[in-house]
Amino acid sequence: MSETSYMEQELRSQPETWQEAARIGAAGGPLPEPGQRVAVVGCGTSWFMAQSYAALRESAGAGVTDPFAASEAFLGSARGYDAVVAITRSGTTTEVLRILEAVKGRIPTVTIIGDPGTPATDLSDATVALPFADERSVVQTRFATTALTLLRAHLGEDVSTAVHDAREALAAPIAPEWVDAEQFSFLGTGWTFGLANEAALKMREASQSWTESYPAMEYRHGPIAIAAPGRVTWLFGEAPEGLEADVARTGAHFVRHDRDPLADLVLVQRVALERARARGLNPDSPRSLTRSVMLEIPAAR
Ligand code: F1P
């Protein structure tokens, strides 16, 4: 695999795209105001960024925020949402378009979008366009993390440490046991659970790896049975008491870094790339995947 895959070029640009998004997020714009009841929807990677945003917004005290896979969203009037935030790089994902159509005129929508010249723009009441973070790789890296950085900045977070740590993560060594591991379980708490889900998806998409992901405190409720020598348990964010020792007893390799958890996801993206290379896979042409899932399903009434 050449050094110049789109995935590699794009993941390497994340510190710059995060800085640009932070400027946009801090400036305000059409994203939800504090106190609004918000549903946030997406598919795949974009759903996992929705999970992280929801946890961040709720824990910041900014209001009720429910994340949904776009295909499984409950947006009935009983739930009382004031706004729907959609996240989509392509702007063409069928399930996201169906949601935007279904709530039009009933709940205001704002879509964070990579390619604004697409149907999601027309179907949304407002958009925040991040064309500088759009990607040619099928496997998303920078659009997702840039969208989340925009949302972190909009919540009032200073993301300069995350940007700094992303630069550091781009230069950090990759341990051979990560490239060779038979299996990965990714764990997180609060907003980092979405990152764990995304890390697991990235490894599957780019390198066809066997991965799982759980809320960290759920791990001991069964999934730790998978941990064993030659396998990796990778935790984003704070470690629950005793978890590292529990994993050590299984013989699995435990990984946790002090850098900003979103920057640690950048390191996982690099591991996914290395694993793809080691298996002779082209991460820009992942098996069975397309840049956007466009389905022939009827529009909602
Ligand atoms: C969402 C998505 C990607 C996934 C695949 C199919 O796309 O599910 O996360 O990697 O390429 O599409 P989008 O709605 O963010 O464009």
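Student: Is D258 buried or exposed in this predicted model?

Tutor: The side chain of D258 forms a salt bridge with that of R256, 2.8 Å from N to O. R256 counts as partly exposed, at 26% relative accessibility. The cut-off for exposed is over 50% relative accessible area. D258 has 71% relative accessibility, so D258 counts as exposed.

Student: Which residue meets R259 in a salt bridge, and is that residue buried or exposed?

Tutor: R259 counts as buried, with 12% relative accessibility. The side chain of R259 meets that of D264 at 2.6 Å, N to O. A residue is buried under 20% relative accessible area. The value for D264 is 1%, so the partner is buried, and its name is D264.

Student: What is the N to O distance in the salt bridge of R152 and E157?

Tutor: Side chains of opposite charge can pair when their charged atoms come close. R152 counts as buried at 3% relative accessibility, whereas E157 counts as partly exposed at 31%. The side chains of R152 and E157 meet at an N to O distance of 2.7 Å.

Student: How many salt bridges does the count come to?

Tutor: To be counted, a side-chain nitrogen of Lys or Arg must be within 4 Å of a carboxyl oxygen of Asp or Glu. The pair R256 and D258 is one of them, at 2.8 Å. By this rule the count comes to 21.

Student: Which residues are linked with E8 in a network of salt bridges?

Tutor: E8 lies in helix α1, which covers residues 6-12. E8 is buried, with a relative accessible area of 8%. A polar contact of 2.4 Å joins its side chain to that of R277. The residues linked with E8 in the network are R12, E274 and R277.

Student: Which strands stand at the edges of the open sheet of 4 strands?

Tutor: The strand order in this sheet is β7-β6-β8-β9, and the pairing is parallel. An edge strand here has a single partner, so one side of it is left without a neighbour in the sheet. The twist from one strand to the next averages 20°. The edge strands are β7 (211-215) and β9 (253-256).

Student: Which residue of β9 does V232 stand opposite?

Tutor: Strands of a sheet pair through backbone hydrogen bonds, either parallel or antiparallel. Strand β8 (residues 231-236) pairs with β9 in the parallel sense over 4 bridges. Opposite V232, in β9, stands H253.

Student: What angle does the direction of helix α9 make with that of β7?

Tutor: Helix α9 spans residues 192-207 and packs on the sheet. It touches β6 (183-188), β7 and β8. The angle between the directions of α9 and β7 is about 175°.

Student: Which strands does helix α11 touch?

Tutor: Helix α11 (residues 261-278) also packs on this sheet. Its direction makes about 155° with that of β8. The strands touched by α11 are β6 and β8.

Student: Which strands stand at the edges of the open sheet of 5 strands?

Tutor: The order of this sheet is β2-β1-β3-β4-β5, with parallel pairing. Two of the strands have a single partner each, so one side of each lacks a neighbour in the sheet. Neighbouring strands are turned by 20° against each other on average, direction ignored. The edge strands are β2 (65-69) and β5 (126-129).

Student: Which residue of β4 stands opposite V84?

Tutor: Strands β3 (residues 83-88) and β4 (residues 109-113) pair in the parallel sense over 5 bridges. Helix α6 (residues 142-154) lies across β3, β4 and β5, running at about 135° to β4. The residue of β4 opposite V84 is T109.

Student: How far apart in space are G105 and D125?

Tutor: G105 lies in the loop between α4 (94-103) and β4, and G105 is exposed, with a relative accessible area of 79%. In sequence, G105 and D125 are 20 residues apart. In space, C-alpha to C-alpha, they are 8.9 Å apart.

Student: How many residues surround the ligand?

Tutor: The closest residues are S46, T88, S90, T93 and E205. Oxygen atoms of the ligand are 2.7 Å from an N or O atom in the side chain of S46 and 2.5 Å from one in the side chain of T93. A polar side-chain atom of Q140 lies 2.9 Å from an oxygen atom of the ligand. The number of residues that surround the ligand is 14.

Methods
Residues numbered from 1 in each chain as written. Predicted model: local features only at pLDDT ≥ 70, side-chain atom pairs only at ≥ 80, totals over all residues. Heavy atoms only, no water. Pairing = 2+ DSSP bridges. Axes fitted to C-alpha atoms, helices over the stretch in contact; angles between N-to-C directions. Contact = heavy atoms within 4.5 Å. Buried < 20%, exposed > 50% of the residue type's maximum accessible area, 1.4 Å probe, protein only. Near = heavy atom within 4 Å. Polar contact = N/O pair within 3.5 Å; in protein donor to acceptor, adjacent residues only side chain to side chain.
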